[in-house]
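Reader: I am new to this structure and should like to go through it step by step. May we begin with how its strands are paired?

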Amino acid sequence: MSGKFAPKIPFKSPYLPENPKILGVQEGYDLWSEIYDEESNSLILLEEMHLVPQLLQKQYCSILDCGCGTGRLAICLRDSFSEASIVGVDFSEGMLQKARQKSVGQRISWHNADLNKPFLFADGQFDLIVSSLVIEHISALDNYFAEIKRVAATQADIFISGLHPAMHLMGISARFKNKENTSHIMPESLCHNLSDVFNAAIAAGLKVVRIEEYSVDDRLISRCEKAARYAGMPLLFIMKMAK
Ligand SMILES: C[S@@+](CC[C@H](N)C(=O)[O-])C[C@H]1O[C@@H](n2cnc3c(N)ncnc32)[C@H](O)[C@@H]1O
């Protein structure tokens with residue numbers, strides 16, 4: 001069963017910040033957008049080590065980045081797929097504004113839309129769909145996967161990555177420090193177990209090609225010292241899917 005929008009842990013976790021401020025997802029990311037690209041983020045570093053190489057193994061013509069944020073992946077993919085049509089969708093205007101500023105002249109199409117609602121794209125439009133570090137904020141997994149399936153081309157590759165649910169159970173979810181560096185702000189997030197994600201994808205008619213889980217290791221700690229606090233813990237999952 002998926003959890004509700006709240007950190008829900010049965011014990012006092014040393015990893016849960018004191019008196020965090022919990023904001024709605026959109027509002028939270030609008031605020032986070034001001035510093036999102038400046039922070040060193042161990043989850044993003046781990047994802048860049050393990051997901052990005054997988055996205056570069058084939059040629060793609062039409063790419064959708066669901067929950068594109070400040071455009072990190074869409075802009076990175078533009079470097080490798082110079083001719084592809086690339087679309088990024090997010091519902092935080094703050095995050096999208098950063099993406100637009102960073103990608104002037106790069107022919108990436110940015111859309112403000114909610115992934116909990118029907119997607120505004122044609123059936124079979126995309127041959128690569130990526131949705132990175134977004135799923136913990138998605139409440140309507142059935143709609144999300146049904147729409148991903150609908151807009152995926154027959155031969156599409158689909159990659160979903162997320163914060164590992166084991167971290168959620170310890171009280172860790174997407175969060176950042178306020179400007180004054182005095183308290184944590186947490187956009188609402190859900191603890192979807194890997195089985196929730198797997199089953200929702202299967203129920204939507206997608207094929208799960210593989211599931212990968214990555215823990216905090218020495219390589220990551222050498223790039224991000226603060227990750228040492230989570231040494232050995234599973235931090236990231238990636239699911240590759242097909243239509
Ligand atoms: C942790 S950020 C990840 C951004 C980007 N994918 C990356 O990996 O850098 C999560 C993003 O998901 C977006 N998001 C969350 N729920 C969403 C929804 N229902 N519809 C659209 N975007 C959503 C947030 O606004 C935020 O930009």
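Author: Two strands are said to pair if DSSP finds at least two bridges between them. Helices (H or I, at least four residues) and strands (E, at least two) are DSSP runs, numbered from the N terminus. The model is predicted, so that local features need a pLDDT of at least 70 and side-chain atom pairs one of 80 or more, while totals for chains, interfaces and linings use all residues. Residues are numbered from 1 along each chain as its sequence is written, and side-chain values use heavy atoms, without hydrogens and water.

Reader: Which residue stands opposite Ile211 in β10?

Author: Strand β9 covers residues 207-215 and β10 covers residues 234-242. These two strands, β9 and β10, are antiparallel and share 8 bridges. Within β10, the residue that faces Ile211 is Met239.

Reader: Over how many bridges does β6 pair with β10?

Author: Strand β6 comprises residues 152-163. One position to look at is Asp157, which has Ala242 of β10 opposite. The pairing of β6 with β10 is antiparallel, and its bridges number 7.

Reader: How many of the 9 residues of β10 are buried?

Author: A residue counts as buried when its relative accessible area is under 20%, as exposed when it is over 50%, and as partly exposed in between (1.4 Å probe, protein chains only). By this criterion β10, the strand that pairs with β9 and with β6, is mostly covered. Of its 9 residues, the number buried is 8.

Reader: Which elements do the buried residues of helix α8 pack against?

Author: Helix α8 runs over residues 194-203 and has Leu194, Asp196, Val197, Ala200 and Ala201 as buried residues. Contact here means heavy atoms within 4.5 Å. The buried residues of α8 pack against two helices, α6 (141-151) and α7 (165-169), and against two strands, β9 and β10.

Reader: Why do the buried residues of α8 lie on the same side of the helix?

Author: The residues concerned are Leu194, Asp196, Val197, Ala200 and Ala201. The arc is taken from the directions from the helix axis to the C-beta atoms. They lie on the same side of α8 because the arc that they cover around the axis is only 165°.

Reader: What phi does Gly205 take?

Author: Helix α8 comprises residues 194-203, and Gly205 comes just after α8. The phi of Gly205 is positive, at about 95°.

Reader: Which strands stand at the edges of the open sheet of 3 strands?

Author: The order of this sheet is β1-β8-β7, and the pairing in it is mixed. Each edge strand has a single partner, so one side of each has no neighbour in the sheet. The strands in that position are β1 (21-23) and β7.

Reader: Which residue of β8 is the bridge partner of Lys177?

Author: Strand β8 spans residues 184-187 and is joined to β7 by 2 bridges. The two strands, β7 and β8, run antiparallel. In β8, Lys177 has as its bridge partner His184.

Reader: Is the pairing of β2 with β3 parallel or antiparallel?

Author: Strand β2 covers residues 62-66, and 5 bridges join it to β3. Leu64, for instance, has Val87 of β3 opposite. The direction in which β2 and β3 run is parallel.

Reader: How many of the 6 residues of β3 are buried?

Author: Strand β3, which occupies residues 85-90, is largely enclosed by the rest of the structure. That is so because, of its 6 residues, the number buried is 5.

Reader: What is the relative accessible area of Leu220?

Author: Leu220 has its place in helix α9, which is made up of residues 218-223. Among the residues that Leu220 touches, leaving out those up to four places away in sequence, are Leu45, Leu46 and Met49. Leu220 is classed as buried because its relative accessible area is 0%.

Reader: How far apart in space are Leu220 and Ile44?

Author: In sequence, 176 residues separate Leu220 from Ile44. Ser42, Ala227 and Leu235 are also among the residues in contact with Leu220. From C-alpha to C-alpha, the distance between Leu220 and Ile44 is 10 Å.
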